[in-house]
Each structure stands twice: as structure tokens, then as C-alpha cells.
Amino acid sequence: MTAVAEHASDTPVTKADERRAAEKQYDGDAIRVERRMSRFRFQIPTGASFHDVYADRNSANIAERVDIALEAIEQATGERDVNTIGFFTGVWLTNPLVAAEAKVALRDLTTVARLVLEPAVIAVKADAPFKTLKDFIDEAKRAPGTLKQSGGSITSRDNVVRQLLQKHTGAQWAYISFPGGGERISALLGGHIDVASATPGAFLQLLEAKKIRFAGVASPRRLGGPLAVVPTLREQGFDVVASTWFTIFGPKGISAEQVAYWEDVFFKAMRHPEAKKFADGNNWTVELMGAKALRTELDKEYARLRKTLTELGLVQ
């Protein structure tokens, strides 16, 4: 999309204005009207471009920031584009819970589909005394607060997994927050922390180099490939599952027919052999879920996260 509509006048022209002009010019000829409309360029107000929003991608109120940008474009263009859809992950669930300035949440949008899950893995150094997560938990019980785990922010999935494990087992260990995966890995390899939590892809090269081992994976079932030997947390006696969702949402107010259309498009795409190959290569689990089921699951996950983050004292 470009920032300026192609018109002789400098006055902003909405999409509705353009359609009326086209219908008048072509005396209602639908084909010619649509041809002209296909060349209509959106008005992108200052502060509402992709680059403007991307610059604020780490803001606590990023969901609200996106909504403000879309609303500005809608006002400049003259109508809401119901064909706008977006890809979202779990961070869009936690931000509105912990940041007062984050006014827009996934629950305010229209669910379309869930495509894949990316589980959390627990990694230890290759020479660590812990062979499994159970070994680590047993040591944490013996010496509360002495062991350390690295992860993302205190609202991240990594810390949620820790909180759930501590709640289930009564064990206690420290949590060290790092902004990126590189710092977590360096801290683990340097012996500054005892376990690290992240996505499988962040650790695969180190696993292949035999510098680390996986003590467990927080997925409903074992993963494939080189991770097939890694037991799930449930297999080790801990009923904890934590996966990042890759989901599709649409704006408020789109029709059931539009939801059904996009649901079908993405389901067909994800059932293609190449999609499964790509998912397997990234250690993602294809778990398709339609709009209605996703809405139910979203509400359950929201309630679970709210409870966990409230116990952490983080909910605003």
C-alpha cells in the first residue's frame, strides 16, 4: 500500500467517494467500476504505516497501538476493511493482563483458526547432574531457592511453566529474566544458571553439538525427529502443558461467512504436505482448531493465565 491516493485534488478521498465517482463515470457498469476500484490506493495517515507500528513492536500496549493505526486508516479510507486478518501468538493474551495501557486484547477480535503449537523445552548443560526434569525438581526441593532458571520476561511462557511446576511440586527455584535467547544460552553454557526454557529451535544446534540436553518438553505428546527421545513433562509426573499458539484473528464485526472462508483457506493450506514438512522442521505441532472451538479455548487460556499471573501479583 502507498501513502497517497492518485487524484488530481490534494483533498483525501475515501473509498466510498471513489466508488460513487466510478459509478457516475461509468454509468453503473459493474466491471468498469470494479476495475477502477482495484486501482484505488489507501490513505495511510502519519503514524499508521507498518514501519511506524513495527518501531513500537516491544511496547506493552502494542495491541492497542495496532488497533489505533487500523482505525486511523479506516477513517482516512472511509470504511472498515473486513478482509484484514492477522497472525497472533500468546503474548497478545498476557499483555492486556499485566499492562494497564494495553486496552485491546485478542478477546476483542474475531477468532478464525489455530494452526500450530510451539512447545517450551527445558534444557540443561550436557554435563549437568540432572538427567531429567524430575531430578532437577528433587534437587530444588532439597535446597529451595538455590537453583536458577533463565527465560524471557516474568510474564512469559517460561515463567508461567516455572510457576505451574512449583505449584504442582512445592519446589522453589529462582528465575533470571533475559531479553533474548542468546543471553539465556550463554548463561546456561557458562554455568550461571541451571536450566533454561525456550523454544526447541533456539537449542537445536547446541543439542546436535552435544553441549546441552533436553530434560523435558511441555507438549501434550512427544515431538518428532531428534526430540523424539525427550519425555514430556506429563510423562515425568507433572501435568503441565505450555505451548505458544499460532493463530488467525479477524476484526470485530466480520460475518460468519467470512470467518468460514478464511478458516477453510488456512485449514487447506496447513493440510498440504509442504506445510507439515515446514512445521516438522521447526518442531511445531499442527493442531488445527476452528473459530468456535478457538473462542472456547481462548477463554479457558485467558482464565488460566489470569489466575497464574494474579498469583504472581502481576495483573493490573
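Which residue is the bridge partner of V116 in β9? It is V286. Keep that pair in mind, and let me take you through the rest of the structure. One caution before we start: this is a predicted model.

First, the overall numbers. The protein chain has 316 residues, and 46% of them count as buried. It holds 12 helices and 9 strands. Take the contacts with a separation of 6 or more: 73% of them come from residues 24 or more positions apart. The chain exposes about 16,800 Å². Carbon and sulfur atoms supply 53% of that area.

Now back to V116 and its sheet. This is an open sheet of 4 strands, and the order is β1-β8-β2-β9. The pairing is antiparallel. Which strands stand at the edges? They are β1, residues 86-88, and β9, residues 285-290. Each has a single partner strand, so one side of each is left without a neighbour in the sheet. On average, neighbouring strands here are turned by 20° against each other, direction ignored.

Look at β2, which spans residues 110-119. With β9 it pairs in the antiparallel sense over 4 bridges. V116 to V286 is a bridge between β2 and β9. A113 has its bridge partner in β9 too, and that is G290. Turn to β8, and β2 pairs with that strand over 8 bridges, again antiparallel. There, T110 stands opposite G250.

How many of the residues of β2 are buried? The count is 10 of 10, so the strand is mostly covered. Helix α12, residues 291-311, lies across β2, β8 and β9. The helix runs at about 65° to β2.

Stay with β8 for a moment. T244 lies in this strand. Is T244 buried or exposed? Its relative accessibility is 18%, and T244 counts as buried because the cut-off is under 20%. The side chain of T244 makes a polar contact of 3.1 Å with the side chain of R157. Leave aside neighbours within four places in sequence, and T244 is in contact with T89, G90, V116, L117, E118 and R157. So V116 turns up again, now as a contact of T244.

On to the other sheet. This one is open as well, with 5 strands in the order β5-β4-β6-β3-β7. The pairing is mixed. At the edges stand β5, residues 174-177, and β7, residues 212-217. Each has a single partner strand, so one side of each is left without a neighbour in the sheet. The twist averages 30° from one strand to the next.

Strand β3 covers residues 121-125. β3 and β7 pair in the antiparallel sense over 5 bridges. One residue pair to find on screen: A123 has F214 of β7 as its bridge partner.

Next, the loop between β7 and β8. S219 sits there. How accessible is S219, buried or exposed? It is buried, at 2% relative accessible area. The S219 side chain reaches the backbone oxygen of R221 at 2.6 Å. Beyond its neighbours within four places in sequence, S219 is in contact with P119, T232, V241 and S243.

Last topic, the aromatics. A search of the whole structure finds 7 aromatic pairs. Take Y261 and W262. Their ring centres are 5.1 Å apart and their planes are at 75°, so the pair is edge-to-face. Y261 counts as exposed, at 52% relative accessibility. W262 is buried, at 19%.

F278 and W284 form an aromatic pair that is also edge-to-face. Here the distance is 5.6 Å centre to centre, with 75° between the planes. F278 is exposed, with a relative accessible area of 51%. W284 counts as buried, at 19% relative accessibility. Finally, F130, F136 and W173 form one aromatic cluster.

To close, go back to where we began. V116 has V286 in β9 as its bridge partner, and V116 is also in contact with T244. That is the tour.

How values were computed:
Residues numbered from 1 in each chain as written. Predicted model: local features only at pLDDT ≥ 70, side-chain atom pairs only at ≥ 80, totals over all residues. Heavy atoms only, no water. Pairing = 2+ DSSP bridges. Helix = DSSP H or I, 4+ residues; strand = E, 2+ residues; numbered from the N terminus. Axes fitted to C-alpha atoms, helices over the stretch in contact; angles between N-to-C directions. Buried < 20%, exposed > 50% of the residue type's maximum accessible area, 1.4 Å probe, protein only. Polar contact = N/O pair within 3.5 Å; in protein donor to acceptor, adjacent residues only side chain to side chain. Contact = heavy atoms within 4.5 Å. Areas by Shrake-Rupley, 256 points an atom, 1.4 Å probe, with all protein chains shown as cover. Phe/Tyr/Trp six-rings, centres within 6.5 Å; stacked < 30°, edge-to-face > 60°.
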